[in-house]
Amino acid sequence: MGSYGGRFDLRSGSRTTCGGISRLLRGRRPFTSKQTGTKHPRPHIYYFSDPTLTAFPLLQLAKIPSIGYGPIPIGVIQRWYGTINLMLDGRRLLQEGYTKHKGSMFRLSGLENELIVVADQGKFAEYVAAPDSVLSQQEPVNKLLAVKHTVGILSATSTMHAPLVRINLTQHISRWVGAIREEIVKSFEREIGSPADWTEVAVADVIPITIARLGNRVMFGEELAKNEQHIENCIGFTHDLIVSAFSIRVFPAWLQGLAVRFSPILKRRKLVDKVARPYVQARLDAVARGEDAPDDMLTWLIHTYPEELRTVDSMIETMMFINFGSIHTTASSFMAALYHIAAEPDKYIPALRQEFEKVCREGSKDGGGPGEVTKQMLGKLVKMDSILLESLRLDPPQMASAHRYVLKPFTFKDGTTIPAGATLCLAASPIQNDPEYFENPAEFDGFRFARQDDGQRMYTVNTSLKNSTFGHGRHAWYVFFMQGIDNIMCFPRGL
């Protein structure tokens, strides 16, 4: 077998013989190696920085069964056929692959590269434990949202803000529970009021506004949370980012920088900047003068970022990227749970109210005063948490989870090697609907997890193989904890 350097695609290559690879890879003319002068099949997606890397990883990857690629054995056609199939009927393909290859892996064709879907607990534990230098958690997000073009270079290359949300925010959440509840009450009163009779409410409008207000209140200050134009921009940014990302991803990488100029995200970023710039500049100036500043996410960002990144542009870019994560996921999961409750109100609403009232009556034991809600009290709302978790199980925001982009060839313990350029992910939705793990998985059972024994009970914010909607391990989405708090706080008021 010859040695390879350059870009590789599993299903493309030459019709000429080269170590037997042409029997697996077909479609493009060969290239000549600069190192040896030897002609090799010219694949085009996977990048191997080591020119001495042999074809062994490609052979291993080709042995992984594929789903939805179509019958025509020509690389480019198969790839596009599989990609279109995935876009039109991804849920069915994912379930088909899981049913056929449970306990192993299978391949799907993504828009940019191969998706290697893991359907085995052992392999899942292996790859989520891999170092970031081998498997990148950030790169799949960069590709999905075209972050470099839609948000900015800083968000695509830096994760300095992640520990602030995952660690600092979690440690300080107790003192913000009251502020979160206050913001929810104000927002619901403003958007819904107190109607005396049944009144139609546009939940899809009310919930994102509420989530945006309380997220900004906690992370970036009360002033921004009260600014209606800023809240509108935060919600608009979430929508425009998704639309823009999916519209420019159909273009090749070298054209995306031009394509984004015609997308709505650039106009939205200008609107965000117009409102937020004076506020952020004032905070930067206050910190620079050594004055007391609010102990919130914005101040933490200023102290964390190096001096060259301590600019208004960097702060606003990071703020909006964090806002996107919290608003999009929290609002969608809350609305899904609310719809499930509305479908069976007599079964769930009285029980949830009873639980909340009981926890409130006992609140003084945890240091809470009359009407006060504490973090300790939230931990006792087992039925509410169960509703959220069951809703996420049946209606996850994404069918596959724990995505990792392969930067360097990664080998599982069974010897299977995944070459650089592919993306690993977990078959989350099929696992969460597997009768081996859940009884009557197609049925929404809101109190499914509330009935579990205390020592074995699953909670929304505790990730695992069976609760991996937002990832697992050290890279579980850092907004997940905040989302759990937000949703549990919204429920009593929403009921």
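Arginine 213 and glutamate 228 form a salt bridge here, with their closest N and O atoms 3.0 Å apart. Arginine 213 sits in helix 9 and glutamate 228 in helix 11 (residues 228-248), so this pair ties together parts that lie 15 residues apart in sequence. Keep in mind that what you're looking at is a predicted model. The protein has 495 residues, 53% of which count as buried, and its secondary structure comes to 20 helices and 11 strands.

**Salt bridges**

- Side chains of opposite charge can pair when their charged atoms come close. Going by a cut-off of 4 Å between a side-chain nitrogen of Lys or Arg and a carboxyl oxygen of Asp or Glu, the count for this model is 21 salt bridges.
- Back to the opening pair: how buried or exposed is arginine 213? Its relative accessibility is 1%, so arginine 213 counts as buried, the cut-off being under 20%. Glutamate 228, in contrast, has 42% relative accessibility and counts as partly exposed.
- Helix 9 (residues 203-220) also holds arginine 217, whose side chain meets that of glutamate 182 in a salt bridge at 3.5 Å, N to O. Glutamate 182 belongs to helix 8 (residues 177-191), and the two residues are 35 apart, so to speak linking distant parts of the chain.
- Arginine 217 counts as buried at 14% relative accessibility, while glutamate 182 is partly exposed at 35%.
- Then there's a pair inside one helix: arginine 393 and glutamate 390 form a salt bridge at 2.9 Å, N to O. Both are in helix 18 (residues 382-394), and because they are 3 residues apart, about one helical turn separates them.
- Are the partners in helix 18 buried or exposed? Arginine 393 is buried at 2% relative accessibility, and glutamate 390 is buried too, with a relative accessible area of 0%.
- Some salt bridges join up into a network, which links Asp89, Arg92, Glu96 and Lys100.

**The five-stranded sheet**

- An open sheet is built from 5 strands in the order 5-6-11-8-7, and its pairing is mixed. Strand 5 (105-109) and strand 7 (135-136) are at the edges with a single partner strand each, so one side of each has no neighbour in the sheet.
- Strands of a sheet pair through backbone hydrogen bonds, either parallel or antiparallel. Strand 5 and strand 6 (residues 114-118) run antiparallel and are joined by 5 bridges.
- Those two strands make a hairpin, with 4 residues between them.
- Which residues face each other across the hairpin? Arginine 107 stands opposite isoleucine 116, and methionine 105 has valine 118 as its bridge partner in strand 6.
- Is strand 5 buried or exposed? Buried: 5 of its 5 residues are, so strand 5 is largely enclosed by the rest of the structure.
- Side chains leave strand 5 in two directions, with Met105, Arg107 and Ser109 pointing one way and Phe106 and Leu108 the other.

**Helices on the sheet**

- Helix 3 (residues 121-128) lies across strands 5, 6, 7, 8 (401-406) and 11 (423-426), and runs at about 55° to strand 8.
- Helix 4 (residues 138-145) packs on the sheet as well, where it touches strand 7, strand 8 and strand 11. The direction of helix 4 makes about 95° with that of strand 8.

**Surface and overall contacts**

- About 22800 Å² of the protein is accessible surface, and 54% of that belongs to carbon and sulfur atoms.
- One place to look on the surface is a nonpolar patch made of Val76, Trp80, Ile84, Met87 and Leu88, which together have about 570 Å² of accessible area.
- Leucine 88, one of the patch residues, lies in helix 2 (residues 75-101). Leucine 88 has a relative accessible area of 70%, so it counts as exposed, for which the cut-off is over 50%.
- How many of the contacts reach far along the chain? Among contacts between residues at least 6 apart in sequence, 70% join residues at least 24 apart.

Key: Residues numbered from 1 in each chain as written. Predicted model: local features only at pLDDT ≥ 70, side-chain atom pairs only at ≥ 80, totals over all residues. Heavy atoms only, no water. Pairing = 2+ DSSP bridges. Contact = heavy atoms within 4.5 Å. Axes fitted to C-alpha atoms, helices over the stretch in contact; angles between N-to-C directions. Buried < 20%, exposed > 50% of the residue type's maximum accessible area, 1.4 Å probe, protein only. Areas by Shrake-Rupley, 256 points an atom, 1.4 Å probe, with all protein chains shown as cover. Patch = residues over 30% accessible without salt bridge, like charges linked within 9 Å, V, L, I, M, F, W, Y side chains within 5 Å.
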